Amino acid sequence: MHFPTAGGPFFRHLRMWHAVPVSLAVVAVAVAFLVLLPSDGARSVPNSPCRPTDSARGDMPATPDLDGDGFVDLVHEISDTENFDVIVVPGSAHGADHDRTTVLTRDDLGVPDDIQTADDPWQPTVTDLDEDGHADLIVSGAAQVLWGGPKGPQAGGPNGRVPLPGSGYSTAPIAGDFDGDGHTDLAVFRFSNEDQELVVLKGPFKRSGAPAQTVEIPSPVHEGASPVLVAGDANDDRATDLALYNSPWDPPLLFTGGARTAGGLSKEPERLPEGENVVFGDFDGDGRQDVAIGRSFVDSYDEVDTPHRRGQISVRYGKAPGNWVAMDGGDFKEGFGTRLAAGDFNGDGCDDLAVQLTKKKEAGDARIEVLRGGSEHGLGSKPWRATKRSVPGDDGPVDGTAFAVHDWDGDGRTELALLGGDTWWITDGTDRDKASFPVTPSKDQGP
């Protein structure tokens, strides 16, 4: 299951364990066009490659699982000019368990007072950085590490800090094995007025947070851009690939991993079709990751008019790496493709694609349409499920936007977490909630 981000600050930092070039030749691609129209369902295809799974434990890694109980936890980072908290909602057989929420403060995490991030929720990075068998928590633009243990990272527990070169980091690094050597690496984009670069920190990492090697790569995007990073395996070679997206002046770019370079990434990135977000998933069930790109044509600023056209999803399947299939969806100017989330919502063994429609990115309007995986073209060409959530706001209703996809209850089916105002909704991609609770616990609820 994989999840990217799109849009303004809130949309720009949702990531999982898994976003490409500026001045290089465009590869020739064959593009087919389909049209997405409202539908009650997607047609099942005989002899579908999808295989149902009985349990998430046999098919999907429980990531992020901080306490090692086999259930994915809902982890998010909230910061403003004065406060910095990481909130952990443990997973369970009944899903995300809000009653056992833990709040880790700036002091608990050891985050320096001078570190500030945006006033929106983010997903920290969860990975076993020191290879002791326990998940570690990496937070903030300072790349602060709270080391894990048998019960997960604890308030006031041992911590470290990954030494990032220079300054100008707005998000925590993302994890992957970019050189394919079996050790976890980190990648992060450095954005400052003086220097822009892609930084790869190679594992193994010491308990202090120090990497085995730090590699600085000249920025592949235009000056002033601060792209989102997302990791996946686009060529099935077991080395992690790295995509960069949401740069206003550049197309999405893809660095392939396992290269004979200092950082393990290809010397030059591949230029992908135009779009504002990238996600990886196995939509046709062949065991290879596919790449999907969303292009809503909605500008990041609401005062810029949206062109009179439908949004678009472009998909490249692992079995046909030279071909892109483009699908139009939604109505004109509805913003189909502002965000994408890949996960197996029906447990059939193929990833489905949740597509967010947002007419104005700053206005908080959103709805989700889900395209079924495993159809004739891999992804079905018509919406299979649809969902929308809203809460009252000072300037009108605030809609829930896609924040994360995981299997929080371990039943082998992915759930979709929506965030709107001060409310979480955990849904199966329809109008049925598996859970709904406040973003932060009540004041009388202890950490």
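Which residue of β15 does L244 stand opposite?

1. **The pairing of β14 and β15.** In this predicted model, L244 stands opposite L253 of β15. The two strands β14 and β15 pair in the antiparallel sense, over 3 bridges. They belong to an open sheet of 4 strands, ordered β13-β14-β15-β16 and paired in antiparallel fashion. At the edges of this sheet stand β13 and β16 (270-271), each with a single partner strand, so one side of each has no neighbour in the sheet.

2. **The nonpolar core.** L244 also appears among the residues with the most contacts inside the largest nonpolar core, together with F178, L198, L229, L242 and L265. That core holds 17 residues. At least two of its residues come from each of β10 (185-191), β11 (196-202), β12 (213-218), β13 (228-232), β14 (241-245) and β15 (253-255). As general background, nonpolar side chains tend to be buried together in soluble globular proteins.

3. **Confidence.** The chain has a mean pLDDT of 83, and 83% of its residues reach 70 or more. Confidence is highest in β15, at 97, and lowest in strand β1 (residues 30-35), at a mean of 34. Two stretches call for caution. Over residues 1-44 pLDDT stays under 50, and the model has 191 contacts beyond four places in sequence for them. Over residues 54-62 pLDDT likewise stays under 50, with 19 such contacts in the model. Where pLDDT is low, the predicted coordinates should not be read in detail.

4. **The hairpin of β19 and β20.** Strand β19 (residues 311-316) runs antiparallel to β20, and 5 bridges join the two. The connection is a hairpin through 6 residues. Within this pairing, I313 has M327 of β20 as its bridge partner. Strand β20 (residues 323-329) is largely enclosed by the rest of the structure, because 5 of its 7 residues are buried.

5. **The surroundings of D399.** Is D399, a residue of strand β26 (residues 398-399), buried or exposed? Its relative accessibility is 7%, so D399 counts as buried, the cut-off for that class being under 20%. The side chain of D399 makes a polar contact of 2.6 Å with that of K388 and another of 2.4 Å with that of S390. Leaving aside residues up to four places away in sequence, D399 touches G364, D365, A366, K388, R389, S390, L419 and G420.

6. **The salt bridge of D431 and R389.** R389, one of the residues that D399 touches, forms a salt bridge with D431, with the closest N and O atoms 3.5 Å apart. D431 lies in the loop between β29 (423-427) and β30 (433-438), and R389 in the loop between β24 (378-387) and β25 (390-391), so the pair ties together parts that are 42 residues apart in sequence. The two partners differ in burial class: D431 is exposed, with a relative accessible area of 61%, whereas R389 is buried, at 7%.

7. **The salt bridge of E415 and K434.** The side chains of E415 and K434 meet in a salt bridge at 3.1 Å, N to O. This pair links distant parts of the chain, with E415 in strand β28 (residues 415-420) and K434 in strand β30, 19 residues apart. E415 is buried, with a relative accessible area of 1%, while K434 is partly exposed, at 29%. Through shared partners, salt bridges join D409, D411, E415 and K434 into one network.

8. **The salt bridge of R238 and D236.** The count of salt bridges comes to 20. One further pair is that of R238 and D236, whose closest N and O atoms are 4.0 Å apart. This distance should be read against the cut-off, which is within 4 Å. R238 counts as exposed, at 66% relative accessibility, and D236 is partly exposed, with a relative accessible area of 35%.

Conventions: Residues numbered from 1 in each chain as written. Predicted model: local features only at pLDDT ≥ 70, side-chain atom pairs only at ≥ 80, totals over all residues. Heavy atoms only, no water. Buried < 20%, exposed > 50% of the residue type's maximum accessible area, 1.4 Å probe, protein only. Pairing = 2+ DSSP bridges. Polar contact = N/O pair within 3.5 Å; in protein donor to acceptor, adjacent residues only side chain to side chain. Contact = heavy atoms within 4.5 Å. Core = buried A, V, L, I, M, F, W, Y, C linked by side-chain atoms within 4.5 Å. pLDDT = per-residue confidence, 0-100.
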